[in-house]
Amino acid sequence: MTTAPLPPPKLRLVFQIDAVIGTPVDLGETADGRRRRIVPHVGGTFTGPELTGSVVPGVSGDWQTINPDGSSVGDIRMGLHATSGANLYLQMRAVRHGPPEVLARLAAGADVDPSEYVFRASAQIETTQPELNWLNLGVFTVVAGRQPDGVSFAVYIVE
């Protein structure tokens with residue numbers, strides 16, 4: 001069977017979210033030695049070439065599982081309200097890992113350069129706005145970085 005070569009994917013920035021985080025809720029250690037915690041997103045903004053708006057507080061946060069080595073898996077869910085009036089639901093599955101000393105600095109609340117660790121996610125976006133249906137159909141990848149009082153997510157559509 002012969003087929004034409006598959007085209008390589010391209011990434012296009014949809015928007016960057018700068019979320020403000022609240023006080024994490026530590027749920028404790030699980031039976032398998034991991035920690036569970038919830039980090040609420042209490043505000044923030046998103047800006048992009050086609051969409052801008054705000055993070056909806058009270059419905060946005062990161063449900064984390066932290067492994068004994070300091071790496072983590074996040075189930076991040078965000079309500080976004082665009083300045084156009086559109087509402088978006090964003091869900092991400094994130095992983096964060098890096099050298100133990102870097103992860104320890106992050107855990108202590110230090111401002112760590114995002115190039116020192118890996119914080120990536122896959123994402124889905126939902127909206128009921130017909131003109132934004134391309135978001136419902138998209139495949140998204142995310143590059144993230146943590147700051148002492150917030151987290152930034154650059155959301156790209158894979159084309």
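A polar contact, as the term is used in these legends, is a pair of N or O atoms within 3.5 Å, of which, within protein, one must be able to donate a hydrogen and the other to accept it. All views show a predicted model.

**View 1. Ser71 and its surroundings in the loop between S5 and S6.** Ser71 lies in the loop that runs between strands S5 and S6, and its side chain makes a polar contact with the side chain of Asp69 at 2.6 Å. With a relative accessible area of 12%, Ser71 counts as buried, because that class takes in residues under 20%. Leaving aside residues up to four places away in sequence, Ser71 touches Thr65, Ile66, Arg96, His97 and Leu103.

**View 2. Strand S4 and its pairing with S3 and S6.** Strand S4, residues 52-55, pairs in the antiparallel sense with strand S3, residues 35-47, over three bridges, and the two strands form a hairpin with four residues between them. Within this pairing, Thr47 has Thr52 of S4 as its bridge partner. S4 also pairs in the antiparallel sense with strand S6, residues 72-82, again over three bridges, and here Val55 stands opposite Leu80 of S6.

**View 3. The largest cavity and its lining.** A search of the whole structure finds two cavities of 30 Å³ or more, and the largest of them has a volume of about 70 Å³. The residues that line the largest cavity are Ile21, Val39, His41, Asp62, Gln64, Ile76, Arg96, Phe119, Arg146, Val151 and Phe153. At least two residues of this lining come from each of S3, strand S5 (61-66) and strand S10 (150-158). By class, the lining of the largest cavity holds six nonpolar, two polar and three charged residues.

**View 4. The second largest cavity and its lining.** The second largest cavity encloses about 50 Å³ of space, and its lining consists of Asp62, Gln64, Ser72, Val73, Gly74, Ala94, Val95, Arg96 and Phe119. Strands S5, S6 and S7, the last of these covering residues 87-97, each supply at least two residues of that lining. Four nonpolar, three polar and two charged residues make up the lining of the second largest cavity. Arg96 appears in the lining of the largest cavity, in that of the second largest cavity, and among the residues that Ser71 touches in View 1.

Terms used: Residues numbered from 1 in each chain as written. Predicted model: local features only at pLDDT ≥ 70, side-chain atom pairs only at ≥ 80, totals over all residues. Heavy atoms only, no water. Pairing = 2+ DSSP bridges. 1 Å grid on protein atoms, 1.4 Å probe; cavity = no way out; pocket = protein on both sides within 12 Å on 5 of 7 lines; lining within 4 Å. Points joined across faces, edges and corners; volume = space filled by probe spheres on them. Nonpolar A, V, L, I, M, F, W, Y, C, P; charged D, E, K, R; others polar. Buried < 20%, exposed > 50% of the residue type's maximum accessible area, 1.4 Å probe, protein only. Contact = heavy atoms within 4.5 Å.
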